[in-house]
Each structure stands twice: as C-alpha cells, then as structure tokens.
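Reader: I am new to this structure and would like to see how each descriptive word is earned. Could we set the values beside the definitions, one term at a time?

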Amino acid sequence: MDRRPWPRGPGRTAPRLRTLLALAARPDLPCADADQMVARQLGEVERKIADLVLLRQELRKMTNCCGEVVAECQIIGSIAAPHDS
C-alpha cells in the first residue's frame with residue numbers, strides 16, 4: 001500500500017485523520033469510505049479555490065488608487081460600491 005501522507009494544510013483535521021487511521025486498522029474493509037472522504041475534501045478545496053479566485057479578481061480591481069484624496073480613491077470606491085450577488 002502506498003504510504004504517502006495525507007495532504008498537509010487546511011482541512012487536515014484530527015477527526016478526519018482519526019477516521020482514516022481507524023480505516024487503516026481494518027485492511028479487510030472496502031475503501032469506499034476513504035474514497036468518499038477524499039471526494040468531500042476535494043469538493044471543499046475546490047470551493048475554497050473558487051472563493052480565492054473571486055477575491056483575487058476583486059483585489060485586482062482595487063489596485064492603483066489613482067486618487068489624491070479618499071473621495072477619488074478607487075480602493076475605497078470599490079469597497080463602497082454595490083456588488084452583484
């Protein structure tokens with residue numbers, strides 16, 4: 001069996017690791033539970049990536065203030081502007 005570690009970072013929680021370790025202690029069981037756990041984790045990661053992409057887009061819009069006073073500041077204007085939801 002491949003012994004690569006569970007990926008590090010957000011989402012590597014103790015309950016998930018305990019579940020995987022419990023599964024590892026029962027090598028005779030099917031690995032469907034582990035597959036489902038990884039699929040859920042992948043879904044969470046994909047949602048977080050999508051959120052980060054949107055955040056990056058918004059931050060790019062906010063760069064280069066191009067104003068000398070707050071009233072002319074694009075950064076403040078982009079925060080105060082109504083957003084489509």
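Reader: Why is Asp33 called partly exposed?

Author: Asp33 has a relative accessibility of 47%, and since buried means under 20% relative accessible area, exposed over 50% and partly exposed in between, with a 1.4 Å probe and protein chains only, Asp33 counts as partly exposed. This is a predicted model, in which local features need pLDDT of at least 70 and side-chain atom pairs count only at pLDDT 80 or more, while totals for chains, interfaces and linings use all residues. Residues are numbered from 1 along each chain as its sequence is written, and side-chain values use heavy atoms, with hydrogens and water left out.

Reader: What makes Glu58 partly exposed?

Author: The relative accessibility of Glu58 is 27%, and therefore Glu58 counts as partly exposed. Glu58 is found in helix α2, and its C-alpha is 9.3 Å from that of Ile79, although the two are 21 residues apart in sequence.

Reader: Where does Asp33 lie, and how far is Asp33 from Thr19 in space?

Author: Asp33 also lies in helix α2, where a helix is a DSSP run of H or I with at least four residues, a strand is a run of E with at least two, and both are numbered from the N terminus. From C-alpha to C-alpha, Asp33 and Thr19 are 9.2 Å apart, with their positions 14 residues apart in sequence.

Reader: Why is α1 called roughly antiparallel to α2?

Author: Helix α1 (residues 14–24) and helix α2 (residues 32–62) pack at an angle of about 155°, and their axes are 10 Å apart. That makes α1 roughly antiparallel to α2, because angles over 145 degrees count as roughly antiparallel, under 35 as roughly parallel, 65 to 115 as roughly perpendicular and the rest as oblique.

Reader: Which residues of α1 and α2 meet?

Author: With contact meaning heavy atoms within 4.5 Å, Arg16, Thr19, Leu20 and Leu23 in α1 meet Asp33, Ala34, Met37, Gln41 and Glu44 in α2. The residues of this contact divide into 4 nonpolar, 2 polar and 3 charged.

Reader: How many helices and strands does the protein have, and what share of its residues counts as buried?

Author: The protein has 3 helices and 0 strands, and along the sequence these follow the pattern α-α-α. Of its 85 residues, 12% count as buried.

How values were computed. Axes fitted to C-alpha atoms, helices over the stretch in contact; angles between N-to-C directions. Nonpolar A, V, L, I, M, F, W, Y, C, P; charged D, E, K, R; others polar.
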